[in-house]
Amino acid sequence: MNAQAAIASFGWVEATGPADADVLLICGSPGPDLQELIDAVWEQIPSPRYRVRVDTEQSLDEAFHTIRVALQDETLQHADARTRRLRLDDNRGPLPADTPTGHTETSDDAGAGSDTSPSESSSMADTDMAMDMSSDGDMGMGMDMGMDMDMSGPAGIPLAGGGEDRDGLEMDVTHLSLGPLLPGWPADLVLHCTLHGDVIADARAERLLGTGHSEQLPECAVLLDDAARLLTVAGWEPAAHELAGLRNSLLKSANTHATSRLRRVTAQVRRSRTLRWSLKNITTVGGTTVLDRLLEWLDTALAILSNPAAAPWGHRSGSVPAPTPADIRLAVLGQEIAATRLIVAALGTQSTYVIPGGAHE
Amino acid sequence: MSDGAFVLVVLVPVVVAVLSAVTASANGVLDARTNGAQLRTGFAVPFQETARLLRQQRRTLPGADSLLWRISSAGIGIAAVLKVLVIPLGGFTFADLPVGVVWFNAMDVLLWALWWLLGWGANSSWSLIGGYRFLSQALAYEIPLMFALTAPAIGAGSLRLLTVQTAQTHVWFVVWMPVAFLVFAASVVAFASWGPFQTALGADITGGVLLELSGIDRLLVTGGRYAVLVAGAGFSVPLFFGGGAGPILPAGVWVVLKTCLVLAGLLTVRRLFPTVRPDRLAEIAWVIVVPLTLLQLAVVAVIVGVNGGAL
Amino acid sequence: MITAILFWVLTALAVAGGIAVFVVNSMARATYALAVSFVAVGAMIVMLHLDYIGVITILMMLMEMAVMAVFMVMFMGMNPALMPMDMTHNKRRSVILAVLVFVVLAAAIVFIPWPNRTGSPADDLTKSLGDAIMGSKMLVMLTISPVLFATIIAALVLANPKGRYDRYGDALDRRDVDGHPDPDDPIPGGLG
């Protein structure tokens, strides 16, 4: 999260996917599974690109300066671009991980795992960068074979198979793994989905181990961060930016205007009929609607901000116990894939999730 | 079209590009203000982004239909320019089509094809979902848009934009066709995949059709999106805001000024409203908005019938 | 001169697009090759100063192709749309049919004694076109269009053997014991 604040202070922005990214920033030391995914993401970032890993907050500044230098180093970037193969028929360099034969699925039941397109976070306007924080990166998505189909499509990507839809029609079935490197998605959660079109027919949630531990952060900043992410996924960028800006200012120092700014945003979110209407009937784990969860976060943050003494550190008022994989499965069944993103974003990437040891952000 | 107009046609893409850059800058400034960054950084965003993307590698995915993909990324800006061609600047117009209003509609449908191909060509699940999201949204907005376009045509008794413009000498159409204008503006937002109707490239599908684009292709699509906004806003001027009518300044300047005002409105819409999930749209559009536009048409038809012409 | 060249370029484009439909191996490309062909034809019609018909041709054909993409997903069983595939079926008979139609139409061009133009085109062709189509036949059109629309929907319902209609029959609005409507929409629309 400090990394995100640093990105903003440099005037850079976070990328939505690897195609948009210039820099891959890895925070902490990822476990082997995650490392594999991060490598896949790295392969997909178009040149000029730069990848850097930071362990501590202090090294952030230093890392950011090397980014600027590295991206402007023409010789280095040309050399990198020459040794890459961005096409299948191109014989230069190693096979990119996004080709069907690359990067095997992390799931064990998947047949011939073929990953297409992980995407990554964070690019910036100024010199260009993207970053991956082990917690809020992007997505790896794989397309595996339908069980009942054995046909190979173009470029060796398996085609969809047939299956019964919820209303009895035969539907295409594809298998797709969501996470963990997606914006607004917990870094240790992978969701292996069976898709009918864009509706999730079945899903299996898996936790990746060794994805890191949380930094010591003010409770309020964590809540604002979660809310900002949920609003981004819900598609209200300006409001999300406002919350992210508040979060950054909270990380830096106490801001006297923070309370009034947050009150204004909260009121705006609560008032928005469009948001209410758009998010209607989307329920996350535990039966709360996504919108209620969002408002709950904002209200809690507001309460802490206006009366810091009342909410001691580490205490989470109104937080739910960490959801089990079975809970998550039930919550996403029968949902459209984008609704799933909202449901998972409403879990919170940090606050409601107990993240096992390791380094994170 | 006269010979002079042929030469001037070359200017159209330039003007559209400049206006798009201005729009993008304005949006950057507004963003910078919410982020607490310097306004200057926000203003420079489109130019830095252009420089960055021009330097970036293009990419292809395995199994991608690169031909269709590249065509569609280039096509969005072209569709915008084709729309602008028929907009009159006062008494002068680049292409004086007798059916200018229908031409606009045809170019809008061209965007259906382009957005879908953009999603299709990448061969990525997220992009494909984005492409189909655009189509489902298009099915929702197209019928209301067609009726909304009919209103000024009925008011002026012609599909020719010059005639539509001169019919507003006394009262601008926006005054007695507010519903048609609102539907038109919403459709502009929708076919530019902007603001509340940006679901084709929404964050919940990780960028949708934009996800796999890099380098020059990404530049063409993001720039084309602004160009489409500009074209849509520009088109509303002869339809609803009396074209180049205005005191002192020449008509062409008035058209650009009014376009900028409408654009400002469209930028504000993005800040005020969150994205509307696509599965909610069709029902609203067909059950509520279509009857409303029909009612508007009835009102316009009665007024024209009683008055013997536009107000 | 320029007009003539443009016209011939468009004809070539239309024919090439038409051929491409059968040559390419992907459904998306075939669909849009057809669209290119139709758009070229539409542009030619505009060049003949039949602006309304020309532009409407472009509009309808582009829209139709996009809607076809929706149907492609709706009705194709497995997703062969992504597979490279042959775009021709029933080759022998279709070739015979195509050649026959071509010969008949081409012969018609040559052998029909085309009348000389007697009048001059109206000032506003769009208006006179509207009068010609709608003037005396407005009532007929008003009656026919709902019937046509109903026919399309009925055809869709009947053509879809495993649809909701087939499973629930006429009782699409029946209620379950718990009072909820059944069949239930898994994802309600904007008003529900």
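This is a short walk through a predicted model, one chain at a time, with a stop at the contact between chains B and C.

Okay, let's start with chain C. Chain C has 7 helices and 0 strands, so if you read along from the N terminus you just get α-α-α-α-α-α-α. Of its 192 residues, 16% count as buried. And if you take the contacts in chain C with a separation of 6 or more, residues 24 or more positions apart account for 45% of them.

Now look at helix 6 of chain C, residues 138-159. Helix 6 of chain C has 22 residues, and from first C-alpha to last it reaches 31 Å, close to the 32 Å expected at 1.5 Å a residue. Is that helix enclosed, or does it lie in the open? The number of buried residues among its 22 is 0, so helix 6 of chain C lies largely in the open.

Hold that next to helix 6 of chain A, which is residues 237-252. Its 16 residues should span 22 Å at 1.5 Å a residue, and the end C-alpha atoms are indeed 22 Å apart. Here 14 of the 16 residues are buried, so helix 6 of chain A is largely enclosed by the rest of the structure.

One more thing in chain C before we move on. Find C:His49, in the loop between helix 2 (27-47) and helix 3 (51-75) of chain C. C:His49 has a positive phi of about 70°, although it is not a glycine. Buried or exposed? C:His49 counts as exposed, because there are 10 C-beta neighbours inside 10 Å and the cut-off for exposed is 12 or fewer.

Next, where chains B and C meet. On the chain B side, 25 residues are in contact with 22 residues of chain C. Which helices of chain B supply at least two residues each? Those are helix 5 (100-121) and helix 12 (281-307). The largest share, 11 residues, comes from helix 5 of chain B. As for chemistry, the chain B side divides into 20 nonpolar, 1 polar and 4 charged residues.

Staying in chain B, I'd like you to find helix 10, residues 215-240. We'll look at two of its partners.

Partner one is helix 4 of chain B, residues 66-85. The two helices pack at an angle of about 20°, with their axes 8 Å apart. Angles under 35 degrees count as roughly parallel, and therefore helix 4 and helix 10 of chain B are roughly parallel to each other. Their crossing is left-handed. On the helix 4 side the contact includes B:Arg70, B:Ser73, B:Ala74 and B:Gly77, and on the helix 10 side B:Leu220, B:Gly223, B:Gly224 and B:Ala227 are among the residues involved. In general, residues three or four places apart on an α-helix point the same way, because there are 3.6 residues a turn. The residues of this contact divide into 12 nonpolar, 5 polar and 4 charged.

Partner two is helix 3 of chain B, residues 39-55. How do the axes of helix 3 and helix 10 of chain B cross? They come within 6 Å and cross at roughly 145°, and that crossing is left-handed. The contact is made by B:Thr50, B:Leu53 and B:Leu54 of helix 3 and B:Gly215, B:Ile216, B:Arg218 and B:Leu219 of helix 10. That contact divides into 4 nonpolar, 2 polar and 1 charged.

Let me finish with three single residues in chain B.

B:Val164 lies in helix 7 of chain B, residues 161-166. With 25 other C-beta atoms within 10 Å, B:Val164 is buried, because the cut-off for that is 20 or more. Leaving aside neighbours within four places in sequence, its contacts include B:Pro152, B:Ala153, B:Pro238 and B:Leu239. B:Val164 and B:Leu111 are 53 residues apart in sequence and 24 Å apart in space, C-alpha to C-alpha.

B:Ile248 sits in the loop between helix 10 and helix 11 (251-272) of chain B. B:Ile248 has a positive phi of about 60° without being a glycine, and with 6 C-beta neighbours inside 10 Å it counts as exposed.

B:Pro250 also has its place in the loop between helix 10 and helix 11 of chain B. B:Pro250 is exposed, with 11 other C-beta atoms within 10 Å. From B:Pro250 to B:Ile284 is 34 residues in sequence and 42 Å in space, C-alpha to C-alpha.

That's my tour, thanks for listening.

Terms used: Residues are numbered from 1 along each chain as its sequence is written. Chains are lettered from A and ligands numbered from 1 in the order in which they are written. This is a predicted model: local features need pLDDT of at least 70, side-chain atom pairs count only at pLDDT 80 or more; totals for chains, interfaces and linings use all residues. Two residues are in contact if their C-beta atoms, placed from the backbone, lie within 7 Å. Helices (H or I, at least four residues) and strands (E, at least two) are DSSP runs, numbered from the N terminus. Ala, Val, Leu, Ile, Met, Phe, Trp, Tyr, Cys and Pro count as nonpolar, Asp, Glu, Lys and Arg as charged, and the others, Gly among them, as polar. The expected span of a helix is 1.5 Å times one less than its number of residues. Axes are lines fitted to C-alpha atoms, for helices over the stretch in contact, and angles run from 0 to 180 degrees between N-to-C directions. Angles under 35 degrees count as roughly parallel, over 145 as roughly antiparallel, 65 to 115 as roughly perpendicular and the rest as oblique. A crossing is left-handed if the near helix is turned anticlockwise from the far one by less than a right angle, and right-handed if clockwise.
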